[in-house]
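This briefing looks at a protein and DNA assembly, taking one residue in detail before turning to the contact between the chains and to the surfaces that face the DNA strands.

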2 protein chains.
Amino acid sequence: MGRRITALEVAKEAGVSRSAVSLVLNGRADGFLAKDTQERIREVADRLGYRPNLLAQSLRNQRSKVIGIMSDRAVGGAFDGAIIAGADAVAREAGFMTLAADTGGEPEKAEPVARLLLDRAVEGLIYLTVGLHETRVVDSFLRVPAALANCYPTADSPAAASLLPVFIPDEPTGGRVAAEHLIALGHRRIAFLRGDDDSPASFLREDAFRAAMGNAGLPVREEWVRHGGFRTRPAYAAATAVLEGPADRRPTAILAGNDRAAVGVILAAANLGISVPADLSVVGYDDEAALADLMVPALTTVALPLQEMGRRAMASVLARLEPEAAPAPTSPPAQVLLPCPLVERESTAPPPT
Amino acid sequence: MGRRITALEVAKEAGVSRSAVSLVLNGRADGFLAKDTQERIREVADRLGYRPNLLAQSLRNQRSKVIGIMSDRAVGGAFDGAIIAGADAVAREAGFMTLAADTGGEPEKAEPVARLLLDRAVEGLIYLTVGLHETRVVDSFLRVPAALANCYPTADSPAAASLLPVFIPDEPTGGRVAAEHLIALGHRRIAFLRGDDDSPASFLREDAFRAAMGNAGLPVREEWVRHGGFRTRPAYAAATAVLEGPADRRPTAILAGNDRAAVGVILAAANLGISVPADLSVVGYDDEAALADLMVPALTTVALPLQEMGRRAMASVLARLEPEAAPAPTSPPAQVLLPCPLVERESTAPPPT
DNA sequence: TTGAAAGCGCTAACAT
DNA sequence: ATGTTAGCGCTTTCAA
C-alpha cells in the first residue's frame, strides 16, 4: 500500500510553501500568487497524484461534509434502499457523502448508532423507516440538523422532536386517487382489502377509499371491506372469499392494501378462473420495485414517493447547513406530505358489461 | 448545536493531564495510573458525556476503521443490499464502519468514486455487482486490501487484479442441484428456460442442467431448452410456447432462468389451466427476497449466497488489515465459489402419474 | 507574494 | 504516577 502524497511534498517539489499549495487548491490564491506559480503548483499536484486527506481537512475545518442516514431495518431492503438512493443523490450533488447505518430493527439501538455517526462527525442526520410509522426520536437527533423520512415522532419523543421536518407519503390523496381511478373507469362494485393493522397507512388508505366512494355517491358494501394484510397469502385468502359466487354478485374491482396483497388477489382470481382485467380490475399500492411491473398483467398501483422522501429530507438538512446556498423557506412546515401518483398499467379496465 | 466535550476538558475536570485521560480510555493505564484515578477519570468522562472524536483518532492513528463498499448500480436494490448487509455485519462485528457508494451504472465512474473513498481514508475496498459478471478492476483497488463480490476481473484489468480475492456463487453446483431435485422427484420431461444472454450465470446454469440430465441418463429435448430471459414477460411467452399441447406431450417440470422468469412460468401455467405443482413443477433461481416466498404457490428455488458473499469479502479484507486477529489461510485461493442451497417450497412435487 | 506559526482533537514516546 | 511534547495533514491568520 503506497504512501499518499501530502501537500508538503507537493510544495517542496514545486519549490513553494505549503500554504501556497493550500491556497491554490482551495481557489483562494488569486491576487496572492502569480498566475504561473499557481499553474506550476497545480501541475505538480497532478503529476504527483496529490489528493487532499479529507479526514485532516474535516478536522481542521470542523466540517466533515458527511451526513448520517439511519434506517430502522437492515440497510438493503428495496424500500429503504430507494429512500437512501434519493438522499444520497442530493448529498453528492452538494459535495457531501452519506454514511449509512441501521438499527437492525432494535429501537434501543437507535441512540448508540446515532452517537457512532456523530462520533464520525456527521454534520446532519436523517432517520428513515421501511414502512410508514411512528418512531421515537432519540436525543442525538436534536444535536445536528436532522429530518425524518417515512416516519414521524411519537408523543414520547423529546419535545424538540416535534420541530423536526417530516417527509411522508400523502396516503389520503393516494388512496383517493386509486379509488377514483376505478370509479372513473365505471366500476361501482368495488372491494377494499385493508393492510396490516399495525400500519397507519392501512387506515389512511381505507378512509380515503370510503371518502372517495361517498363523494361519488357509491355505497360501501361492508362485506367487501375486509382485512387482507400486507402479504400475498392472507390477501389471497381474503380475495378468494370476496370473489366466490356468481359474476353478477361479486365486485368488479378490488383495491388491495399494497402490491404484495394485490399479487395475492391476481393469483386468487387466476385460480378461480376470473380474468384480470377483463372480469376484475385490481389496484395495488407502493409500486414495489420488481413486483408491480413484473406481474402479468402488470399491476396498476399507487407509487410511494420513496426517492422523493429521501431527496427532500436531505435537502432540508443541507439547507440548514448551508443557509446561503439553498435558502430554506421562511418557516419550513414541520410535516410535508409528498404526492403518491397513480401508475396505470394493465390490471385495471372498465368493468364487464 | 452544542459543542462537544474534548479530552482536555475531561482532564481539567478530573484534575489530571490529558494523556492520563487518553491512557485510561484506551485501556493502557494499568500499571501507570492508580485504580481510583482511573475510576475517577471514567466517571468524569461519563458525566460530561465525553466521546472521542473519531476523525481526530483516525488522523492520529492512521487508522480510520472504515471500509469502502462500491456497487455497480444505485445502492438500494435488493441484491446489492443483501451483499452490503452481510459485509456491514462483519465489519461492525470487528469495530469497523462501512462507507457505501455506487457508480450509478457508469463504469467510468468507478475510479473517481474509489478515489473519493480513499480520500476519506478507507482502509479497504470491496466491489460488488448486482448480477454476476466481469468487471474491470480500477487501479485504486490495488492500493489497499480489497475484494470482489459477485464479480470477477476482466482480462483488461491491471495484472495485479488477478490476485484479488473473488467471492461468487457456485452456479454450476446450484444449477445441478436444481435439476437433481426435479429428477429425484421422478420428473423425466424437464424443460429449461435460459436467462439473459449477457449473463454468465445463464450459461453456467444451462450447462449444469445438461450435465445433470446426462448423469441421470435422461435425454435433453432441445425444443424444451429455450431462451426465457430474466424477466417475467418473456418467460411467460416462452413458457406458454413450451406448455401448449396435450398433457402427455409437454414437460412435467420447468427450470426457469431466475425467480422472475419462474413467476412468468407460474402465471403462464395458471393462464393455461395447468395447476402448479400438481401438473407442473417449477423451480426458480436467486431466492429473490419478497418474490419467491411470496408467490402462491411459494416458489422452490436455488438461493444465491448474497449475504455470504458480502460477509466473506469483508472478512478477507479485514484479515489482511489485522493479521493477528483473523489469521488468513496460508494461501487464500483467488476465487471462492460459495454454495447455492436449494430452497424447497411449494412449487415442486412429483410428476402427475 | 511568501513563509512561519498556531491549532483542529487525539495518541504515544519521553522526561519528570 | 504524571505532565510535556511532538506530530497526524490540513487551513488560515499574520508578519516579513
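Ser71(B) has a relative accessibility of 0% and therefore counts as buried, since the cut-off for that class is under 20%. The model is a predicted one, and every distance, area and count below is computed from it.

**The setting of Ser71(B)**

- Ser71(B) belongs to strand β1 of chain B, which covers residues 66-71.
- The side chain of Ser71(B) comes to 3.1 Å from the backbone oxygen of Arg73(B).
- When neighbours within four places in sequence are left aside, the residues in contact with Ser71(B) are Asp80(B), Ala101(B), Asp102(B), Thr103(B) and Leu128(B).

**The interface of chain B and chain A**

- Chain B contributes 54 residues to the contact and chain A contributes 53 residues, while the area buried between them is about 4700 Å², with 58% of that area given by carbon and sulfur atoms.
- Between chain B and chain A there are 6 salt bridges, and one of them pairs Asp119(B) with Arg51(A), whose closest N and O atoms are 2.6 Å apart.
- In addition, 16 residue pairs are in polar contact across the interface of chain B and chain A, with both residues of each pair at pLDDT 80 or more.
- On the side of chain B that touches chain A, two or more residues come from each of α4, α5 (78-93), β2 (97-102), α6 (110-119), α9 (232-243) and α10 (259-271) of chain B.
- Sorted by class, that side of chain B consists of 30 nonpolar, 9 polar and 15 charged residues.

**The surface near DNA strand D**

- DNA strand D is surrounded by 22 residues, the closest being Ala7(A), Tyr50(A), Arg60(A), Ser17(B) and Arg60(B), and 63% of the strand's atoms that come within 4 Å of the protein belong to sugar and phosphate.
- Backbone atoms take part on both chains: a polar backbone atom of Ala7(A) is 2.7 Å from a phosphate oxygen of DNA strand D, and a backbone N or O atom of Ser17(B) lies 2.8 Å from a phosphate oxygen of that strand.
- For Gln62(B), a polar side-chain atom lies 3.4 Å from a phosphate oxygen of DNA strand D.
- At least two residues of this surface are supplied by each of α2 (18-25) and α4 (54-61) of chain A and α4 (54-61) of chain B, with α4(A) giving the largest share, 4 residues.
- The surface near DNA strand D is made up of 8 nonpolar, 11 polar and 3 charged residues.

**The surface near DNA strand C**

- DNA strand C is surrounded by 22 residues, of which Ser17(A), Arg60(A), Ala7(B), Tyr50(B) and Arg60(B) are the closest, and sugar and phosphate make up 68% of the strand's atoms that come within 4 Å of the protein.
- A side-chain N or O atom of Arg60(A) is 3.0 Å from a base nitrogen of DNA strand C.
- Phosphate oxygens of DNA strand C are approached by side-chain N or O atoms of Gln62(A), at 3.3 Å, and of Tyr50(B), at 2.7 Å.
- The elements that each give two or more residues to this surface are α4 of chain A and, from chain B, α2 (18-25) and α4, with α4(B) giving the most, 4 residues.
- By class, the surface near DNA strand C holds 9 nonpolar, 10 polar and 3 charged residues.

Definitions and conventions:
Residues numbered from 1 in each chain as written. Chains lettered and ligands numbered in written order. Predicted model: local features only at pLDDT ≥ 70, side-chain atom pairs only at ≥ 80, totals over all residues. Heavy atoms only, no water. Near = heavy atom within 4 Å. Polar contact = N/O pair within 3.5 Å; in protein donor to acceptor, adjacent residues only side chain to side chain. Nonpolar A, V, L, I, M, F, W, Y, C, P; charged D, E, K, R; others polar. Contact = heavy atoms within 4.5 Å. Buried area = accessible area lost by both parts, 1.4 Å probe. Salt bridge = Lys/Arg side-chain N within 4 Å of Asp/Glu carboxyl O. Buried < 20%, exposed > 50% of the residue type's maximum accessible area, 1.4 Å probe, protein only.
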